[in-house]
Amino acid sequence: MHNEHRYEVTVTWTGNRGEGTASYRSYDRDNDIETEHHPVIQGSADPHFRGNPSRWNPEQLLVAAAAQCHMLAYLHVAATNNLIVTAYVDHPTAVLTEDDKGGGAFTDITLHPTVTITDPDQIELAARLHHDANAACFIANSLNLPVRHEPSTVVRI
């Protein structure tokens, strides 16, 4: 049996300076991302594409989604494998490569999670579970590129 989960958001362009898209430079890329029961996320384009650097851009949100999904999947597989994780932090990196047609694609997403565990005998298990988490991550499974991992493990008893 396959379960379906539906997600809805509203993205509203807020960057009309009064003349709309009369020219490439006549409008801001600002937008609001909303859904019920959540604070508004203020979005824009990447500053390289005339966006507002103080707002989230879609590229950052995609990288954050990949990292967050992996973290949540990792915590799940850790719990089901009796691995006690007491802290988790990731500093993901990504590369977007532009093409000569005005488009482009992500060519690399690498997660750099540091996982803190309590049992030094489970360091190997902690490292191995990143593979299981990747296989369970909905976002990684939906992307058209591999999401790589360069994890590290810290033991704090």
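This is a short walk through the fold, the aromatic pairs and a few backbone spots in one chain.

Okay, hi everyone. Before anything else, keep in mind that we're looking at a predicted model.

Let's start with the overall layout. The chain has 3 helices and 9 strands. If you read along from the N terminus, the order goes β-β-β-α-β-β-β-β-α-α-β-β. Now, how spread out is the chain against the globule rule? The radius of gyration is 19 Å, and for 157 residues the rule gives 15 Å, so the chain is more spread out than a compact globule. For the box, the C-alpha trace spans about 65 × 35 × 35 Å along its principal axes.

A few bulk numbers, since I know some of you like them. Of the 157 residues, 30% are buried. If you take the contacts with a separation of 6 or more, 50% of them are between residues 24 or more positions apart. Accessible surface comes out at about 10700 Å², with 53% of that on carbon and sulfur atoms. On charges, we have 10 positive and 20 negative, and their mean positions sit 7 Å apart.

Right, on to the aromatics. How many aromatic pairs does the structure hold? There are 2. One of them is Trp13 with Tyr27: the ring centres are 6.1 Å apart and the planes are at 85 degrees, so we call that pair edge-to-face. In sequence, these partners are 14 residues apart and the pair links distant parts of the chain, with Trp13 in strand 1, residues 10–13, and Tyr27 in the loop between strand 1 and strand 2. Are they buried or exposed? Trp13 is partly exposed, because its relative accessibility is 41%. Tyr27, on the other hand, counts as buried because its relative accessible area is 19%, and the cut-off for buried is under 20%.

Then there's Tyr74 with Tyr88. That pair is tilted, at 5.9 Å centre to centre and 50 degrees between the planes. Tyr74 is in helix 1, residues 58–80, while Tyr88 is in strand 4, residues 85–90, so this pair ties together parts 14 residues apart in sequence. Here both tyrosines are buried.

Next, the backbone. As background, most residues other than glycine have a negative phi. So which residues here have a positive one? Arg50 is one of them: it isn't a glycine, yet phi is about 70 degrees. You'll find Arg50 in the loop between strand 3 and helix 1, and with a relative accessible area of 35% it's partly exposed. Asn82 also has a positive phi, near 55 degrees. That residue sits in the loop between helix 1 and strand 4. Is Asn82 buried or exposed? Exposed, because its relative accessible area is 64%.

One last stop, and that's His91. It's in the loop between strand 4 and strand 5, the latter being residues 93–98. His91 is exposed, at 55% relative accessible area. What caught my eye is Leu111: along the chain it's 20 residues from His91, and the two C-alpha atoms are separated by 6.6 Å.

So, if you open the model after this, here's my little viewing list:

- Trp13 and Tyr27, for the edge-to-face pair.
- Tyr74 and Tyr88, for the tilted one.
- Arg50 and Asn82, for the positive phi values.
- His91 and Leu111, for the C-alpha separation of 6.6 Å.

That's it from me, thanks.

Notes: Residues are numbered from 1 along each chain as its sequence is written. This is a predicted model: local features need pLDDT of at least 70, side-chain atom pairs count only at pLDDT 80 or more; totals for chains, interfaces and linings use all residues. Side-chain values use heavy atoms; hydrogens and water are left out. Helices (H or I, at least four residues) and strands (E, at least two) are DSSP runs, numbered from the N terminus. The radius of gyration is taken over C-alpha atoms; the globule rule is 2.2 Å times the number of residues to the power 0.38. Buried means under 20% relative accessible area, exposed over 50%, partly exposed in between (1.4 Å probe, protein chains only). Contact means heavy atoms within 4.5 Å. Accessible areas come from the Shrake-Rupley method with a 1.4 Å probe; for residues, only the protein chains shown count as cover. Lys and Arg count as positive and Asp and Glu as negative; His and the chain ends are not counted. The place of a charge is taken as NZ of Lys, CZ of Arg, CG of Asp or CD of Glu. Rings of Phe, Tyr and Trp (its six-membered ring) pair if their centres lie within 6.5 Å; planes under 30 degrees apart count as stacked, over 60 as edge-to-face and the rest as tilted.
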